[in-house]
Amino acid sequence: MTGFGAFPGAPFNPSQAIAQALYRQSRVRLSRAGIDLEIAILPVVFAAIPAHLQAIKINHNPDQILHLGLAARRSKITVETRALNRLSILHCDAEGARAQSPQIDKHAPPLRRVPLSCSSIKQTMSGTGVRISLSQDAGDYICNQTLFLSLHLFPQAGFIHLPKPLRPDRKKGPLPARAPRLNTMTQAVERAILCLARPSAGRTILV
């Protein structure tokens, strides 16, 4: 399983917090279900993503990889069903750089579809009470880049976008309408992991 670090406009990235929380709190419990959970935190840097994904493949060779990312403008969790061969050349990454091309790979197809049962993941996560939907648009930033490349590198790859939760250090002010709390989203992602592992226990899932 992977999460992402901070990037412009998002000094706190819930995807990193959730991945790390699951590794600390749930790894032993998941291992009893035959799941070997490992995590990696990816930098929000266009040029760095290919090498990081290659390193994951070489060092872990996971049967499945599930990426978590932040979609701050969305109000609910979204399970991505595809990635497009596109990148914005307008938005800067965490190092202030922009994508060098509007295409991720000029030799690749215009889109790649997620082979996982996204509807099953959605249904399983909904059991925690959070709002979940399927998405056909992973954006044009590093989340989409990561999923597009992963769909070529790994046997099974998926992506879950998380809305902005209540900040853990926030002391005052009302919670935005229907915004999920961080711990609830963590529970939902754990359910997604269990859902992915159902067909064959003992697989490695890298979060």
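Two strands pair if DSSP finds at least two bridges between them. Helices (H or I, at least four residues) and strands (E, at least two) are DSSP runs, numbered from the N terminus.

This is a predicted model, in which local features need pLDDT of at least 70 and side-chain atom pairs count only at pLDDT 80 or more, while totals for chains, interfaces and linings use all residues. Residues are numbered from 1 along each chain as its sequence is written, and side-chain values use heavy atoms, with hydrogens and water left out.

**Exercise 1. Strand 9 and its partners**

Task: Find which residues stand opposite Ile-160 of strand 9, and state whether strand 9 is buried or exposed.

Solution.
- Step 1. Take strand 5 (residues 77-80), which is joined to strand 9 by two bridges and runs antiparallel to it. Here Val-79 stands opposite Ile-160.
- Step 2. Take strand 4, which is parallel to strand 9 and joined to it by six bridges. Leu-68 stands opposite Ile-160, and Gly-69 has His-161 as its bridge partner.
- Step 3. Apply the burial cut-offs: buried means under 20% relative accessible area, exposed over 50%, and partly exposed in between (1.4 Å probe, protein chains only). Six of the six residues of strand 9 are buried, so strand 9 is largely enclosed by the rest of the structure.
- Step 4. Sort the residues by face. In a regular strand the side chains alternate between the two faces of the sheet. In strand 9, Ala-157, Phe-159 and His-161 lie on one side and Gly-158, Ile-160 and Leu-162 on the other, with both faces covered.

**Exercise 2. Strand 4**

Task: Which residues of strand 4 point one way, and which the other way?

Solution.
- Step 1. Gln-64, Leu-66, Leu-68 and Leu-70 point one way.
- Step 2. Ile-65, His-67 and Gly-69 point the other way.
- Step 3. Seven of the seven residues of strand 4 are buried, so strand 4 is largely enclosed by the rest of the structure.

**Exercise 3. Helix 1**

Task: Compare the span of helix 1 (residues 14-32) with the expected value, then locate its kink and its buried residues.

Solution.
- Step 1. The expected span of a helix is 1.5 Å times one less than its number of residues. For the 19 residues of helix 1 this gives 27 Å, and the end C-alpha atoms are 26 Å apart, which agrees.
- Step 2. The bend at a residue is the angle between axes fitted to the seven residues ending there and the seven starting there. Helix 1 has a kink of about 65° centred on Ser-26.
- Step 3. The buried residues of helix 1 are Pro-14, Ser-15, Ile-18, Ala-19, Ala-21, Leu-22, Ser-26 and Leu-30. Their cover includes strand 4, strand 9 and helix 5.
- Step 4. Contact means heavy atoms within 4.5 Å. Thr-186 lies in helix 5 and, leaving aside neighbours within four places in sequence, is in contact with Ile-18, Ala-21 and Leu-22. Thr-186 counts as buried, at 11% relative accessibility.
- Step 5. Gln-20 also lies in helix 1, but counts as partly exposed at 29% relative accessibility. Beyond neighbours within four places in sequence, Gln-20 is in contact with Ile-39 and Ile-41.

**Exercise 4. The largest nonpolar core**

Task: Which members of the largest nonpolar core touch the most other members?

Solution.
- Step 1. A nonpolar core is a set of buried Ala, Val, Leu, Ile, Met, Phe, Trp, Tyr and Cys residues joined through side-chain atoms within 4.5 Å.
- Step 2. The largest such core has 52 residues, and Ile-77, Ile-121, Met-125 and Ile-160 touch the most other members. Helix 5 (residues 182-197) gives the most to this core, with eight residues.
- Step 3. Not counting residues up to four places away in sequence, Ile-121 touches Val-79, Leu-116, Ile-160, Ala-192, Cys-195 and Leu-196.

**Exercise 5. Cysteines**

Task: How many disulfides does the structure hold?

Solution.
- Step 1. A disulfide is a pair of cysteine sulfur atoms within 2.5 Å.
- Step 2. The structure holds zero disulfides. The sulfur of Cys-195 has its closest cysteine sulfur 9.8 Å away, in Cys-118, too far for a bond.
- Step 3. Cys-195 is buried, with a relative accessible area of 9%, whereas Cys-92 is partly exposed, at 27%.
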